[in-house]
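User: I would like a close look at one helix of this model and at the contacts that surround it. Please treat the matter in a connected account.

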Amino acid sequence: MTKAYKNQEFLLSDEARGVRMLCEYLEPKQRLEAAGVKRAIILFGSARTRRLQPAPGKTSTPDYYALAADLAERFARWTTDNHEGDERYFLVTGGGPGIMEAGHEGGARVDRNLNIGFNISLPFEQHVNPFVKEDHSYEFHYFFMRKFWFMNVAEAFVVFPGGFGTLDELFEALTLTQTGKARPMPVVLFGKEFWDGLVNFERLVERGLVSRADVDSLVMAETVDEAFEAIVSGLAQPKRPRRT
């Protein structure tokens with residue numbers, strides 16, 4: 001007879017869904033603790049973003065791929081120069097292509113060991129980028145478990161232009177901090193030309209749906225210097241304990 005914990009048919013059944021959810025909590029927990037990943041700067045953005053090849057004489061949108069790579073490199077050099085090994089900030093993304101790959105490309109210019117990829121199994125777009133070491137890559141099935149781990153290690157967020165997934169992650173983080181389920185942390189929206197008009201945060205304040213403090217906590221950045229300074233200065237502020 002096959003033991004229950006070795007029964008693949010059972011483990012992949014609807015009845016064992018709770019077991020699979022628990023696995024996506026316990027297995028990453030064990031590996032993250034072993035790797036010393038206690039705090040991280042999270043980079044969100046579209047998996048479809050590619051490095052631009054600007055045509056001569058034409059004005060194009062900002063090269064967000066290059067900007068994300070340069071910003072991540074700046075973070076990696078800053079934490080390497082200023083923090084001991086077990087106190088360093090890791091660079092955590094969804095692990096895939098686009099902005100995620102850009103961030104890890106920048107981190108790898110300094111120390112590839114700082115790159116952590118929380119990949120998600122999808123039918124398209126998503127695959128682990130080559131700048132994440134195999135033992136620093138995590139494969140999730142459940143979106144909500146991946147979100148849990150983002151928030152568990154997050155100390156700051158930089159959000160580049162993206163689609164539904166990026167907006168989902170952004171508002172998840174804002175909701176958890178607003179409601180006190182996560183402690184306040186610096187959040188930078190990179191790319192004023194993208195964010196302006198996409199989300200009318202001021203209307204939410206005018207209608208009394210969010211507080212002024214909720215909106216004022218967001219920083220809009222257009223350059224690597226602006227984003228870097230906003231995150232580093234935010235990380236230097238006194239921190240309240242995490243909620244459990």
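How many aromatic pairs does a search of the whole structure find? Please then concentrate on helix H3 (residues 64-82).

Analyst: In this predicted model, a search of the whole structure finds 17 aromatic pairs. One of them involves helix H3: Trp-78 and Phe-228 form an edge-to-face pair, with 6.3 Å from centre to centre and 85° between the planes. This pair links distant parts of the chain, since Trp-78 lies in helix H3 and Phe-228 in helix H10, 150 residues apart. Trp-78 counts as buried because its relative accessibility is 15%, under the 20% limit. Phe-228 likewise counts as buried, at 8% relative accessibility.

The geometry of helix H3 itself agrees with expectation. At 1.5 Å a residue, its 19 residues should span 27 Å, and its end C-alpha atoms are 27 Å apart. Buried positions in H3 are Tyr-64, Tyr-65, Ala-66, Ala-68, Ala-69, Leu-71, Ala-72, Glu-73, Phe-75, Ala-76, Trp-78 and Thr-79. In general, an α-helix has 3.6 residues a turn, so residues three or four places apart point the same way.

The next topic is the nonpolar core. The largest one holds 63 residues, of which Ile-41, Ile-42, Leu-71, Val-92, Phe-118, Phe-157 and Phe-160 touch the most other members. H3 gives the most to this core, with nine residues. In soluble globular proteins, nonpolar side chains tend to be buried together. Leu-71, which is buried in H3, is in contact with Val-158, Phe-160, Phe-190, Val-224, Ala-227 and Phe-228, when its neighbours within four places in sequence are left aside. Phe-228 is thus a contact of Leu-71 as well as the ring partner of Trp-78.

Charged side chains of the helix also deserve attention. The whole structure contains 18 salt bridges. In one of them, Arg-74 meets Asp-225, with the closest N and O atoms 2.7 Å apart. Arg-74 lies in helix H3 and Asp-225 in helix H10 (residues 224-235), so the pair ties together parts that are 151 residues apart in sequence. Both partners are partly exposed: the relative accessibility of Arg-74 is 29%, and that of Asp-225 is 47%. Salt bridges that share partners also join Arg-51, Asp-70, Glu-73, Arg-77, Glu-105 and Arg-109 into one network. Of these network members, Glu-73 is buried in H3.

The loop between H3 and strand E2 (90-93) contains Glu-87. The side chains of Glu-87 and Arg-39 meet in a salt bridge of 3.6 Å, N to O. Because Arg-39 lies in the loop between helix H2 (17-35) and strand E1 (40-44), this pair ties together parts that are 48 residues apart in sequence. Glu-87 is partly exposed, with a relative accessible area of 33%, whereas Arg-39 counts as buried at 19%.

To return to the core, Phe-118 is among the residues that touch the most other members, and Phe-118 is buried, with a relative accessible area of 0%. Ring pairs link Phe-44, Phe-118, Tyr-138, Phe-140, Phe-150 and Phe-157 into a cluster. Phe-157, too, is among the core residues with the most touching members.

Taken together, H3 is joined to helix H10 by the aromatic pair of Trp-78 and Phe-228 and by the salt bridge of Arg-74 and Asp-225.

Methods
Residues are numbered from 1 along each chain as its sequence is written. This is a predicted model: local features need pLDDT of at least 70, side-chain atom pairs count only at pLDDT 80 or more; totals for chains, interfaces and linings use all residues. Side-chain values use heavy atoms; hydrogens and water are left out. Helices (H or I, at least four residues) and strands (E, at least two) are DSSP runs, numbered from the N terminus. The expected span of a helix is 1.5 Å times one less than its number of residues. Buried means under 20% relative accessible area, exposed over 50%, partly exposed in between (1.4 Å probe, protein chains only). A nonpolar core is a set of buried Ala, Val, Leu, Ile, Met, Phe, Trp, Tyr and Cys residues joined through side-chain atoms within 4.5 Å. Contact means heavy atoms within 4.5 Å. A salt bridge is a side-chain nitrogen of Lys or Arg within 4 Å of a carboxyl oxygen of Asp or Glu. Rings of Phe, Tyr and Trp (its six-membered ring) pair if their centres lie within 6.5 Å; planes under 30 degrees apart count as stacked, over 60 as edge-to-face and the rest as tilted.
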